[in-house]
Amino acid sequence: NFVSMDTAKNLGPAAVGAMAVHAADQLLREHFEDTGNPWPGGNTYGLFVAQLPAAFGWWMVGHALDHANTAEAGRDLARAQISAMSWTYAVKYAVNRDRPNGDPRAFPSGHASTSFATAVILQRHYGWKAGVAAFAAAVYTGASRVTAAKHWASDVAFGAALGMQSARVV
């Protein structure tokens, strides 16, 4: 269901927004160049290899405890992670944009995709209080990727939109 008019309506403006942010990419990179990585932790939280096992664990715990809502949330988390990373890597390999540190495949940010996908699912299943915390963690993760010179701000902006759309489709 990802390839749809709904996705085009959501990711089209996100792509335009990422292009607008792209104009400030170099300025932001220069601003954070001498700071090192003042925001540690975002790298670990946004890793697909951390997010996917956590999602499956959430799902299994929900089933083991016979909590239907918890199991459903875990299932949706797993599906959103698989979708977000599938589309993220499809775009990464198609675009092949270099990162600020010179490494390949910057666009879009996978850390942003996974963490924003998680935020949408948690907000949907557990309400705005969980959503605020999850979106704060996602924003922190995205910002940490920019300050660590792992991504341009536009990579993070589009990765966030891609992750949110992946979760919406679930």
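Of the 21 residues in the largest nonpolar core, which touch the most other members?

**Entry 1, ground rules.** I noted that this is a predicted model, in which local features need pLDDT of at least 70, side-chain atom pairs count only at pLDDT 80 or more, and totals for chains, interfaces and linings use all residues. Residues are numbered from 1 along each chain as its sequence is written, and side-chain values use heavy atoms, with hydrogens and water left out.

**Entry 2, the fold.** I looked up the secondary structure of the protein chain and found eight helices and zero strands, where helices (H or I, at least four residues) and strands (E, at least two) are DSSP runs numbered from the N terminus.

**Entry 3, the core.** I looked up the largest nonpolar core, meaning a set of buried Ala, Val, Leu, Ile, Met, Phe, Trp, Tyr and Cys residues joined through side-chain atoms within 4.5 Å, with buried standing for under 20% relative accessible area (1.4 Å probe, protein chains only). Leu77, Ala80, Phe116, Ala117, Ile121 and Ala167 touch the most other members of its 21 residues. The elements giving two or more residues to this core are α4 (48-64), α5 (68-95), α6 (110-126), α7 (128-147) and α8, and α6 gives the most, with seven residues.

**Entry 4, Ile121.** Leaving aside neighbours within four places in sequence, I found Ile121 in contact (heavy atoms within 4.5 Å) with Ala73, Asp76, Leu77, Ala80, Ala167 and Val170.

**Entry 5, helix α8.** I then followed α8, residues 153-169, which has 17 residues, and I saw that 14 of these 17 are buried, so that the helix is mostly covered.

Terms used: Expected span 1.5 Å × (residues − 1). Buried < 20%, exposed > 50% of the residue type's maximum accessible area, 1.4 Å probe, protein only.
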